[in-house]
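Visitor: Could you walk me through this protein and explain the words you use for its parts?

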Amino acid sequence: MNCYEINNSPQYLMMISPEDFASAVETAISKAMTFSKPKETFLTIEEATSRLGVSRSTLWRWDKDGYLKKIKRGKKITYRLSDVERIINGEIK
């Protein structure tokens, strides 16, 4: 391994075979794939109104104001459970 300095920062040059490089990339991708986001839970309009204690028109107004955005999943309108819980917990004002 050779060491060079660029902008007062050590830079290393290492030579590896194409097979070792491919193996390192596969390992990095495999590790990155294990850090997936947890699945989001979605609520129907009825579930959201029930949990929040508000009417459908309030949900419509909140979406229009950007307070609680609806998520269209096909033809269904849903709301993220995490967003609803933040409102319930007073994290969103």
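Guide: Gladly! This is a predicted model, and a good place to start is Thr 49, which lies in helix 2.

Visitor: Is Thr 49 buried or exposed, and how do you know?

Guide: Thr 49 has 15% relative accessibility. Buried means under 20%, so Thr 49 counts as buried.

Visitor: What makes the link between the side chain of Thr 49 and the backbone oxygen of Glu 46 a polar contact?

Guide: The side chain of Thr 49 reaches that oxygen of Glu 46 at 2.9 Å. A polar contact needs a suitable pair of N or O atoms within 3.5 Å, and 2.9 Å meets that limit.

Visitor: Which residues is Thr 49 in contact with, leaving aside its neighbours within four places in sequence?

Guide: They are Val 54, Ser 55, Arg 56 and Leu 59. Contact here means heavy atoms within 4.5 Å. Leu 59, counted in the same way, is in contact with Thr 49 as well as Ile 45, Ala 48, Leu 52, Val 54, Leu 68 and Tyr 79.

Visitor: What makes a set of residues a nonpolar core?

Guide: The residues must be buried, of a listed kind such as Leu or Ile, and joined through side-chain atoms within 4.5 Å. The largest nonpolar core here has 11 residues, including Leu 59, Leu 43, Trp 62, Tyr 79 and Val 84. Helix 2, helix 3 and helix 4 are the elements that give two or more residues to this core. As background, nonpolar side chains tend to be buried together in soluble globular proteins.

Visitor: Which nonpolar residues form a patch on the surface?

Guide: Met 14, Ile 16, Phe 21, Val 25, Ile 29 and Met 33 form one, with about 640 Å² of accessible area together. Phe 21 has its place in helix 1, residues 18-33.

Visitor: Why is Phe 21 called exposed?

Guide: The relative accessibility of Phe 21 is 52%. Exposed means over 50%, so Phe 21 counts as exposed. Lys 64, in helix 3, can be judged likewise: at 61% relative accessibility, Lys 64 counts as exposed too.

Visitor: How many salt bridges does the structure hold?

Guide: There are 5 salt bridges. One of them is formed by Glu 46 with Arg 56, whose closest N and O atoms are 2.9 Å apart. Glu 46 lies in helix 2 and Arg 56 in helix 3, so this pair ties together parts that are 10 residues apart in sequence.

Visitor: Why does the pair of Glu 46 and Arg 56 count as a salt bridge?

Guide: The rule asks for a side-chain nitrogen of Lys or Arg within 4 Å of a carboxyl oxygen of Asp or Glu. With 2.9 Å between the closest N and O atoms, Glu 46 and Arg 56 satisfy that rule. In general, side chains of opposite charge can pair when their charged atoms come close.

Visitor: And how exposed is Glu 46?

Guide: At 48% relative accessibility, Glu 46 counts as partly exposed, because that class covers values between the buried limit of 20% and the exposed limit of 50%.

Visitor: What joins Asp 63, Lys 69 and Lys 70 into one network?

Guide: Two salt bridges take part. Asp 63 and Lys 69 meet at 3.7 Å, N to O, while Lys 70 and Asp 63 have their closest N and O atoms 3.9 Å apart. These salt bridges share partners, and that joins Asp 63, Lys 69 and Lys 70 into one network.

Visitor: Which of these residues are buried, and which are partly exposed?

Guide: Asp 63, at 11% relative accessibility, counts as buried. Lys 69 is partly exposed at 43%, and Lys 70 is partly exposed at 31%.

Visitor: Where is Lys 70 found?

Guide: Lys 70 is in the loop between helix 3 and strand 4. Lys 70 touches Asp 63, Ile 77, Thr 78 and Tyr 79, not counting residues up to four places away in sequence.

Visitor: Why is Asp 83 called buried?

Guide: Asp 83, in helix 4, has 14% relative accessibility. That value is under the 20% limit, so Asp 83 counts as buried. The side chain of Asp 83 also makes a polar contact with the side chain of Arg 86, at 3.1 Å.

How values were computed. Residues numbered from 1 in each chain as written. Predicted model: local features only at pLDDT ≥ 70, side-chain atom pairs only at ≥ 80, totals over all residues. Heavy atoms only, no water. Helix = DSSP H or I, 4+ residues; strand = E, 2+ residues; numbered from the N terminus. Buried < 20%, exposed > 50% of the residue type's maximum accessible area, 1.4 Å probe, protein only. Polar contact = N/O pair within 3.5 Å; in protein donor to acceptor, adjacent residues only side chain to side chain. Patch = residues over 30% accessible without salt bridge, like charges linked within 9 Å, V, L, I, M, F, W, Y side chains within 5 Å. Areas by Shrake-Rupley, 256 points an atom, 1.4 Å probe, with all protein chains shown as cover.
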